[in-house]
Every structure is written in structure tokens, then in C-alpha cells.
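Student: I would like to take a close look at a single part of this model, and I would be glad of one connected answer that also places the part in its surroundings.

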Amino acid sequence: MAVRPITVIGHKALHSPTKKVKEITDEVRTLVADMFETMEAADGVGLAANQVGSRLRIFVYDCPISAEENARGVVVNPVLERLGTPGPLHDEEDGEGCLSVPGEWFPLARHPRARVTGTDLDGNEVVLEGSGLFARCLQHETDHLDGYLYVDRLTGPIKTEAREAVKDRGWAADGVLKWDPTTTEAKDV
């Protein structure tokens, strides 16, 4: 297993839909193992394959669902169903961050519940349903695989604030930055 560099906002891979996995190969299993290691090194709760340079439709997660329990796993070829209607935006409760927009946190109203279906690495059906942070995680990671970052969904003054933050960090250049979660440094690649 290896920690892979994480692609930063502005890289075209983050704005392109991923490709359906047709076969689970040793390469796919290695990718998933590396994704878990990378997510852990970056202290994340989810990670999509395109965040580490793969075009495959896969995400991993290790997300708190209660004070005592985490949901952890992998979903291959996920399909998302958003459940319920997003409520009014609460700046503190609805804050969201992203390993591809490191160090930034902005409020984003999400659907209160979500369901994802797909398969695991053995071809077994996976059905995940959650609320709260887990619903946010499922929506966030599936968005990545569809070519969207959470900052793409921001509106109004919050969107302007996010654009300025990205510009201030120098992430506007297309495809030139990744960061290494073992050193927390952005670098040209």
C-alpha cells in the first residue's frame, strides 16, 4: 500500500466524470488499498478515485455515524439517490471541506439523507443509506465521481468567498498542483 498525492482543485481530472469499472483486477484492488491509506494519512472521511489520479468510478469512506461507530468501506460504480429536501443553510452545522480543497471549509446545504448502491471488490451488492455526516459523505464522494467539487455547488456570497480563497492559495492554474498528505505540502507535478 502507498499514500498517493491528492489532486487539488483546478486539475481537469476533478471536473470530468469517471468511467464505470468493468472488472476488478489486481490493479483495482491496489488502487483501493492505496486510497484507504491516502484517506487515513490525510485525515479524511472519504476519497474518490479521481482525487488520486484514477478515472475509475470508485470511492472509499471511513465516516463517523455515531460517537462510537464509523461506517467504513468501498463502493464500486456507485449510484446516488438523494432523499428528503435540503433545509435552510446553517453555517456551522452545514460546513463541508474537501481533501482536494485543503484547508478550506464552507457551508453547503445537502439533502438530509442519501442512499448509494453499487458493489464491493468481490462483486457483492452494496446498499448504503445514511443521514447527517454520512449522507453528506455519500453525496460528496459521488459528486466527485460525476466531476463536481462541493465548491461548485456553493451559491451567492459563499461561492464568491470560496473563489477568492482558491485564488489566494494559487489553485487556479489548471492541473499543476497536488498535495502529499504525508507532508501536507502542495507541489507541482
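Student: Which residue follows H2, and what is the sign of its phi?

Tutor: Please keep in mind that this is a predicted model. The residue that follows H2 is glycine 147, and its phi is positive, near 90°. To see where that helix sits, it helps to begin with the whole chain, which has 3 helices and 10 strands. Read from the N terminus on, these elements run β-α-β-β-β-β-β-β-β-α-α-β-β. The radius of gyration of the chain is 16 Å, close to the 16 Å that the globule rule gives for 189 residues, so the chain is as compact as a globular protein of that length. Buried residues make up 48% of the 189 residues, and among the contacts between residues at least 6 apart in sequence, 66% join residues at least 24 apart.

Now to helix H2 itself, which covers residues 132–145. Its 14 residues should span 20 Å at 1.5 Å a residue, and this agrees with the 21 Å between its end C-alpha atoms. Of these 14 residues, 12 are buried, so H2 is largely enclosed by the rest of the structure. Here buried means a relative accessible area under 20%. Among the buried residues of H2 are Phe134, Ala135, Cys137 and Leu138, and the list also includes Arg136, Glu141 and Asp143, whose side chains are charged by the counting used here. The elements against which the buried residues of H2 pack are strand S2 (46–48), strand S3 (58–64), strand S4 (70–83), strand S5 (95–97), strand S7 (113–119) and strand S8 (125–131).

Helix H1 makes a useful companion to this picture. H1 covers residues 26–41, and its 16 residues should span 22 Å, in agreement with end C-alpha atoms that are 22 Å apart. Its buried residues are Val28, Leu31, Val32, Asp34, Met35, Phe36, Thr38 and Met39. An α-helix has 3.6 residues a turn, so residues three or four places apart point the same way. The cover over the buried residues of H1 includes strand S1 (6–7), together with S2, S3 and S4.

What follows H1 can be set beside what follows H2, since aspartate 43 comes after H1 with a positive phi, near 60°. Most residues other than glycine have a negative phi. Aspartate 43 has its positive phi although it is not a glycine, and its place is in the loop between H1 and S2. With a relative accessibility of 71%, aspartate 43 counts as exposed, because the cut-off for exposed is over 50%.

Alanine 42 is also in the loop between H1 and S2, but alanine 42 is buried, at a relative accessible area of 13%. Leaving aside neighbours within four places in sequence, alanine 42 is in contact with Ile6, Leu99, Trp179 and Pro181. With proline 181 the separation in sequence is 139 residues, while the two C-alpha atoms are 4.9 Å apart in space.

One more residue belongs with aspartate 43, namely asparagine 77, which has a positive phi of about 55° although it is not a glycine. Asparagine 77 lies in strand S4, and S4 is one of the strands against which the buried residues of H2 pack. At 16% relative accessibility, asparagine 77 counts as buried.

Conventions. Residues numbered from 1 in each chain as written. Predicted model: local features only at pLDDT ≥ 70, side-chain atom pairs only at ≥ 80, totals over all residues. Heavy atoms only, no water. Helix = DSSP H or I, 4+ residues; strand = E, 2+ residues; numbered from the N terminus. Rg over C-alpha atoms; globule rule 2.2 N^0.38 Å. Buried < 20%, exposed > 50% of the residue type's maximum accessible area, 1.4 Å probe, protein only. Contact = heavy atoms within 4.5 Å. Expected span 1.5 Å × (residues − 1).
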